[in-house]
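Trainee: Could you take me through one part of this structure closely? I would like a single helix, and then whatever surrounds that helix.

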Amino acid sequence: MRDACAHPCPSVRDDIKTLKKQYDKTEDDLKALQSVGQIIGEVLKRQGKFDEALVELLEAERLQKKYQGPEHPEVAITVGSIALILYIQGRYAKAHARFQE
């Protein structure tokens, strides 16, 4: 009976190692996606494409808060960019609320 367990155990360990590598890669991909979204949002903002920039920046903010935490400096930068766009668009109350975050 003990021999039956001896064979699957190394396989299970290998499966766990493989899954951990996949998880780490996925987490790295999500962190990269946050940065890419923030960069795209900033480029669109500079091009005057404010609605498109907001979409990218709001998604970047969501990912940053989820994976880096709401107090991370990158979140503050993204929120500031969102607030600036809202201000430029004349959405002063929403901009003010964002600047207060």
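Mentor: Start with the length of α4. The helix has 16 residues, and at 1.5 Å a residue these should span 22 Å. The end C-alpha atoms of α4 lie 23 Å apart, so expectation and model agree. Bear in mind that this model is predicted.

Next, burial. The buried residues of α4 are V75, T78, V79, S81, I82, A83, I85 and L86. For scale, 25% of the protein's 101 residues are buried. E74 also sits in α4. Its relative accessibility is 30%, so E74 counts as partly exposed; the buried class requires under 20%. Setting aside neighbours within four places in sequence, E74 touches Q38, Q64 and Q68. Between E74 and A60 there are 9.6 Å, C-alpha to C-alpha, and 14 positions in sequence. Just after α4 comes G90, with a positive phi of about 80°.

Now the core. The largest nonpolar core has eight residues: L44, A53, L54, L57, I82, I85, L86 and A95. Both α3, residues 50–68, and α4 supply at least two residues of this core. On the α4 side, I82, I85 and L86 are on the list of buried residues.

Look at α3 in its own right. This helix has 19 residues and reaches 25 Å from first C-alpha to last, close to the 27 Å expected at 1.5 Å a residue. Buried here are A53, L54, L57, A60, E61, L63 and Q64. Among them, A53, L54 and L57 belong to the largest nonpolar core. A60, the residue paired with E74 in the distance above, is buried too. Q64 is likewise buried, and Q64 is one of the contacts of E74. Just after α3, G69 takes a positive phi of about 95°.

L44 is another member of the core. Beyond four places in sequence, L44 contacts K49, E52, A53 and E56. A53 is a fellow core residue.

K45 deserves a stop. This lysine lies in helix α2, residues 8–46. Its relative accessibility is 15%, so K45 counts as buried. What does K45 contact beyond its neighbours within four places in sequence? The partners are F50, A53, S81, L84 and I85. Of these, S81 and I85 are among the buried residues of α4. A53 and I85 are also core residues.

Then the pocket. The largest pocket has a volume of about 150 Å³. Its lining consists of K65, P70, E71, V75, A76, V79, G80, R98, F99 and E101. α4 gives the most to this lining, with four residues. Both α4, residues 73–88, and α5, residues 92–100, supply at least two. By class, the lining has five nonpolar, one polar and four charged residues. V75 and V79 line the pocket, and both are buried in α4.

Finally, the setting. The protein has five helices and zero strands. From the N terminus, the order reads α-α-α-α-α. Of the contacts with a separation of 6 or more, 48% join residues 24 or more positions apart.

To recap, α4 supplies at least two residues of the largest nonpolar core. It also gives the most to the lining of the largest pocket.

Terms used. Residues numbered from 1 in each chain as written. Predicted model: local features only at pLDDT ≥ 70, side-chain atom pairs only at ≥ 80, totals over all residues. Heavy atoms only, no water. 1 Å grid on protein atoms, 1.4 Å probe; cavity = no way out; pocket = protein on both sides within 12 Å on 5 of 7 lines; lining within 4 Å. Points joined across faces, edges and corners; volume = space filled by probe spheres on them. Nonpolar A, V, L, I, M, F, W, Y, C, P; charged D, E, K, R; others polar. Expected span 1.5 Å × (residues − 1). Buried < 20%, exposed > 50% of the residue type's maximum accessible area, 1.4 Å probe, protein only. Core = buried A, V, L, I, M, F, W, Y, C linked by side-chain atoms within 4.5 Å. Contact = heavy atoms within 4.5 Å.
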